[in-house]
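Let's take a walk through this protein together, going from its cysteines to its rings and then to its strands. Keep the model open beside the text and turn it as you read.

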Amino acid sequence: MKFSYSIGGCAIAAALAIGWLAFATPASAASFTDNFTNPPGLSSGWTWVDSVGNATRGFTGDNNHYYISVPAGSTHDCWNTSLNCARLMRAITGANTTFEIKVDGVTISQQHQYYGLMLWQDNSNYDRFEFWTAGSGVQVNVYRIIGGSGDWIYSGQSYTMSATNYLRIINTGVRYELQYSADGSTWNTAYTFNQNGFTPSQAGIYVCNATGNPATTGNFDYFKVTEEGGSTATLTLQAQDDASVSLPGATVRLDGSIVGVTPTSTTANFGSHSVTYDNTVACYDYTSTSPVQPMTVNGDTTVTGTFTLN
């Protein structure tokens with residue numbers, strides 16, 4: 001909704017106040033693949049976490065999969081700040097990165113068996129992307145834990161487990177897209193969401209059980225991290241007054257060159273850049289820019305210039 005008002009004879013078109021975008025994106029990551037074959041064995045850099053102390057892991061008999069197995073009779077879950085799922089994690093530092101796993105076989109059918117791919121910031125902030133069952137069919141689910149509080153943000157996408165099962169997470173800036181596939185060629189999008197302020201430092205594979213605590217095993221064929229060549233980001237450029245009401249028509253520059261008038265957008269290579277605003281909005285003076293300039297661009301970013309009524 002838009003409205004107009006007049007101050008000192010200046011007619012100003014304004015929009016309702018817009019929210020500030022909080023964002024955080026990690027730096028670029030190197031690509032990595034572990035095909036879980038033996039030999040050569042498990043790649044270096046993995047960390048095994050078994051808080052309950054009775055999970056098992058290792059190469060399957062064909063030496064072409066890495067299994068994680070939790071026994072019946074005890075809960076192995078990661079939810080809120082209860083961190084008992086059995087997991088194999090490794091450090092990441094990537095934005096604009098794709099994570100992918102392949103899990104082979106039909107190995108979940110009882111209530112609250114699940115396994116998948118985890119992105120981990122710390123003990124109170126992590127995301128689970130998984131194949132999950134309540135005992136009647138399998139679903140593709142997303143769970144998000146923020147500040148130690150869990151949220152089941154997506155469920156209901158039914159999936160028929162087969163000899164091959166794939167999950168993929170495409171991360172672009174603050175955007176996360178979960179895809180699934182039965183053959184690794186045809187991919188379906190289950191859910192897409194934005195998660196501001198989430199800077200995962202680890203990624204990996206995990207196996208859980210809960211409620212009746214059935215024995216659960218995941219046979220993982222590979223884990224893959226692919227840098228998407230994310231060397232270019234989108235800059236969303238906007239202006240507002242000191243009451244956070246948007247101001248159209250401010251000339252904006254990137255590294256000294258005019259790129260348009262607000263609201264507008266442009267692209268920039270990863271690295272250091274400076275966004276400035278000209279005093280082109282009638283009756284207003286440019287006062288500041290957020291984030292502080294110059295800034296380091298390593299993902300999609302919103303830049304806001306603030307103007308004060310003169």
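**A guided walk through the model**

There is one disulfide in this structure, which is a predicted model. The two partners are Cys78 and Cys85, whose sulfur atoms are 2.1 Å apart. Look along the S-S bond of Cys78 and Cys85: the torsion there is about -80 degrees, so the disulfide is left-handed. Both Cys78 and Cys85 are buried. While you are here, find Cys208, which is in no disulfide; the nearest cysteine sulfur belongs to Cys85 and is 4.4 Å away. The cut-off for a disulfide is 2.5 Å between the sulfur atoms. Cys208 has a relative accessibility of 0%, and therefore counts as buried.

Now zoom out for a moment. How many helices and strands does the protein have? The count is zero helices and 28 strands. Of its 310 residues, 49% count as buried. If you take the contacts between residues at least 6 apart in sequence, 61% of them join residues at least 24 apart.

Let's follow some of those strands, starting with a sheet. Strands of a sheet pair through backbone hydrogen bonds, either parallel or antiparallel. An open sheet of seven strands can be traced in the order β4-β9-β18-β11-β12-β13-β14, and its pairing is antiparallel. Its edges are β4 (46-49) and β14 (149-159), each of which pairs on one side only. From one strand to the next, the twist averages 20 degrees. Within this order, β9 (residues 86-91) and β18 (residues 202-209) are joined by six bridges in the antiparallel sense. To line the two up on screen, pick Arg87, which stands opposite Tyr206 in β18.

Next, move to the other end of the numbering, where strand β28 covers residues 301-309. Is this strand enclosed or open to the outside? Seven of its nine residues are buried, so β28 is largely enclosed by the rest of the structure. Two pairings of β28 are worth tracing. Strand β20 (residues 232-241) runs parallel to β28, with seven bridges between them, and Gln240 stands opposite Thr306 in β28. Strand β26 (residues 284-290) runs antiparallel to β28 and is joined to it by six bridges; here Thr289 stands opposite Gly305 in β28.

A hairpin comes next. Strands β5 (residues 56-59) and β6 (residues 66-70) run antiparallel and share four bridges. One handy landmark is Thr56, whose bridge partner in β6 is Ser69. The hairpin that β5 and β6 form has six residues between the strands, and in the turn Asn63 has a positive phi of about 60 degrees.

From here, step across to Asn35, in the loop between β3 (32-34) and β4. Its relative accessibility is 44%, so Asn35 counts as partly exposed. Which residues does Asn35 touch, leaving aside its neighbours within four places in sequence? Its contacts are Asn64, Asp221 and Tyr222. Asn35 and Asn64 are 29 residues apart in sequence, yet their C-alpha atoms are 7.7 Å apart in space. Tyr222 also has a charged partner: Lys224 lies over the face of the Tyr222 ring, at 5.1 Å from the ring centre.

That brings us to the aromatic side chains. The structure holds 23 aromatic pairs. One of them joins Phe59 and Tyr66: the ring centres are 5.1 Å apart and the planes stand at 90 degrees, so this pair is edge-to-face. The threshold for an edge-to-face pair is over 60 degrees. Are Phe59 and Tyr66 buried or partly exposed? Phe59 has a relative accessibility of 21% and so counts as partly exposed, whereas Tyr66 is buried because its relative accessible area is 4%. The cut-off for buried is under 20%.

Phe59 and Tyr66 also belong to a cluster linked by ring pairs, together with Phe32, Phe36, Trp46 and Phe223. Stop last at Phe32, because its ring has a charge over it by the 6 Å cut-off: Arg90 lies over the face of Phe32, at 3.7 Å from the ring centre.

Notes
Residues numbered from 1 in each chain as written. Predicted model: local features only at pLDDT ≥ 70, side-chain atom pairs only at ≥ 80, totals over all residues. Heavy atoms only, no water. Buried < 20%, exposed > 50% of the residue type's maximum accessible area, 1.4 Å probe, protein only. Phe/Tyr/Trp six-rings, centres within 6.5 Å; stacked < 30°, edge-to-face > 60°. Lys NZ or Arg CZ within 6 Å of the ring centre and 35° of its normal. Pairing = 2+ DSSP bridges. Axes fitted to C-alpha atoms, helices over the stretch in contact; angles between N-to-C directions. Contact = heavy atoms within 4.5 Å.
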